[in-house]
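Trainee: I should like to see how the structural terms are justified for this model. May we begin with the coordinates?

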Amino acid sequence: MKQKVLSLIDMYVDKIKGVEIPLAKIRVDIFESYVLKKRMSDNPRDDAYEDYAVSFTQPFTWIQDYVRDFFALDYKKTLISCSHWGNIYGPLEQSRNRSNADPVNFSKTADYTYVYGVDVQPDSCELVIEYDDNRRKKNTWHIPLETNKFILFPSTQRYFISKNKGCEMNVFLTVNSEYVRKTSEPLYEP
């Protein structure tokens with residue numbers, strides 16, 4: 001019997017190792033945007049209303065470089081960042097359930113999203129990813145969030161950050177990336 005996988009929901013979880021990321025700088029940048037209300041959208045009904053602009057600083061570049069380089073090394077795929085933002089959730093707050101796909105124009109949708117814990121209180125929240133498994137709909141996968149940990153998954157998946165059970169604010173960085181297909185890589189196999 002031969003098997004051919006027609007669809008796959010891939011997810012990658014890791015901590016940044018071997019590089020000291022000055023997370024305080026990214027945290028301060030996200031808090032500054034939060035205080036100054038530098039929202040990605042001014043529409044309260046838009047998912048991006050809770051997203052805050054993040055400056056493109058050296059520590060942020062190191063995070064992107066780490067994820068891109070190790071993803072290319074381990075999985076032979078090149079990721080190029082196309083958008084990013086920060087989020088802050090106080091005690092008992094959680095994010096909206098969302099997808100980062102543009103349902104009207106999938107050609108402008110990023111391939112992958114990763115959520116990176118900039119400053120997360122231990123055991124305070126999880127990233128919840130929704131997925132369908134053929135007939136079994138509305139399944140969820142729960143991954144504990146931690147400082148310096150990233151979770152990369154397809155941008156078409158719905159997800160949310162669960163309620164903050166801690167007593168301090170949790171800070172996250174989210175990045176959407178496109179996957180660059182190699183010219184030698186087939187679009188399909190007969």
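The discussion below takes up one helix and then the nonpolar cores.

Mentor: This is a predicted model, in which local features need pLDDT of at least 70 and side-chain atom pairs count only at pLDDT 80 or more, while totals for chains, interfaces and linings use all residues. Residues are numbered from 1 along each chain as its sequence is written, and side-chain values use heavy atoms, without hydrogens and water.

Trainee: How do you know that helix 1 reaches close to its expected span?

Mentor: Helices are DSSP runs of H or I with at least four residues, and helix 1 has 13, residues 23-35. The expected span is 1.5 Å times one less than the number of residues. That gives 18 Å, and the C-alpha distance from first to last is 18 Å.

Trainee: Which residues of helix 1 are called buried, and what puts them on the same side?

Mentor: Buried means under 20% relative accessible area and exposed over 50%, with partly exposed in between (1.4 Å probe, protein chains only). Leu23, Ile26, Asp29, Ile30 and Ser33 are the buried ones. They lie on the same side because their arc, taken from the directions from the helix axis to the C-beta atoms, is only 125°. The face turned away carries the exposed Ala24 and Val35.

Trainee: What makes a set of residues a nonpolar core?

Mentor: Its members are buried Ala, Val, Leu, Ile, Met, Phe, Trp, Tyr and Cys residues joined through side-chain atoms within 4.5 Å. The largest such core has 24 residues, and Ile63, Tyr116, Val118, Leu152 and Leu173 have the most contacts inside it. Helix 2 gives the most to this core, with 5 residues. Apart from it lies another core of 14 residues, including Cys125 and Ile129.

Methods. Helix = DSSP H or I, 4+ residues; strand = E, 2+ residues; numbered from the N terminus.
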